[in-house]
Amino acid sequence: EYLLGEMVPVRAGFLHDDALGGKWWSVGLGLVTAGGFALDASYRQAIGVPGARTFAAALKIFLFQ
């Protein structure tokens with residue numbers, strides 16, 4: 001994960017799950033504001049299984065800074 005301009009987290013990763021026998025790649029992007037709000041979006045895809053994918057989005061509110 002890298003934080004660009006102290007506002008935009010950019011993520012990429014790979015997971016090899018020995019217990020369930022799966023391999024996954026993932027990417028994500030976010031936006032963090034000085035006012036205590038953040039948006040995140042991510043995508044995960046299994047390798048070798050075309051229909052196994054996940055898209056997630058989140059809104060985060062930081063009450064205490």
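A salt bridge here is a side-chain nitrogen of Lys or Arg within 4 Å of a carboxyl oxygen of Asp or Glu. The exercises below apply that cut-off to a predicted model.

**Exercise 1. Describe the fold of the protein chain from its secondary structure and its dimensions.**

Step 1. Count the elements. The protein chain has zero helices and five strands. In sequence order this reads β-β-β-β-β.

Step 2. Check the dimensions. The C-alpha trace spans about 40 × 20 × 20 Å along its principal axes.

Step 3. Compare with a globule. The radius of gyration is 15 Å, whereas a compact globule of 65 residues would come near 11 Å.

Step 4. Look at burial. Of the 65 residues, 15% are buried. The chain exposes about 5100 Å², with 67% of that from carbon and sulfur atoms.

**Exercise 2. Which residues are linked in a network of salt bridges, and how do the pairs connect?**

Step 1. Set the total. The structure holds three salt bridges.

Step 2. Start at R11 and E1. Their side chains form a salt bridge at 3.1 Å, N to O. R11 sits in strand 2 (residues 8-17) and E1 in the segment before strand 1 (2-4), so the pair ties together parts ten residues apart in sequence.

Step 3. Move from R11 to D40. The closest N and O atoms of this salt bridge are 3.4 Å apart. R11 belongs to strand 2 and D40 to strand 4 (residues 37-46), so this pair ties together parts 29 residues apart in sequence.

Step 4. Move from D40 to K60. Here the closest N and O atoms are 2.7 Å apart. K60 is in strand 5 (residues 53-61) and D40 in strand 4, and the two are 20 residues apart.

Step 5. Join the pairs. R11 bridges to E1 and to D40. D40 also bridges to K60. The network therefore links E1, R11, D40 and K60.

**Exercise 3. Sort the four network residues into buried, partly exposed or exposed.**

Step 1. Recall the cut-offs. Buried means under 20% relative accessible area, exposed means over 50%, and partly exposed lies in between.

Step 2. Take E1. Its relative accessible area is 64%, so E1 is exposed.

Step 3. Take R11 and K60. R11 has 24% relative accessibility and counts as partly exposed. K60, at 37%, also counts as partly exposed.

Step 4. Take D40. Its relative accessibility is 16%, so D40 counts as buried.

**Exercise 4. How many positive and negative side chains does the protein chain have?**

Step 1. Count each set. There are 5 positive and 5 negative side chains.

Step 2. Locate the centres. The centres of the two sets lie 8 Å apart.

Conventions: Residues are numbered from 1 along each chain as its sequence is written. This is a predicted model: local features need pLDDT of at least 70, side-chain atom pairs count only at pLDDT 80 or more; totals for chains, interfaces and linings use all residues. Side-chain values use heavy atoms; hydrogens and water are left out. Helices (H or I, at least four residues) and strands (E, at least two) are DSSP runs, numbered from the N terminus. The radius of gyration is taken over C-alpha atoms; the globule rule is 2.2 Å times the number of residues to the power 0.38. Buried means under 20% relative accessible area, exposed over 50%, partly exposed in between (1.4 Å probe, protein chains only). Accessible areas come from the Shrake-Rupley method with a 1.4 Å probe; for residues, only the protein chains shown count as cover. Lys and Arg count as positive and Asp and Glu as negative; His and the chain ends are not counted. The place of a charge is taken as NZ of Lys, CZ of Arg, CG of Asp or CD of Glu.
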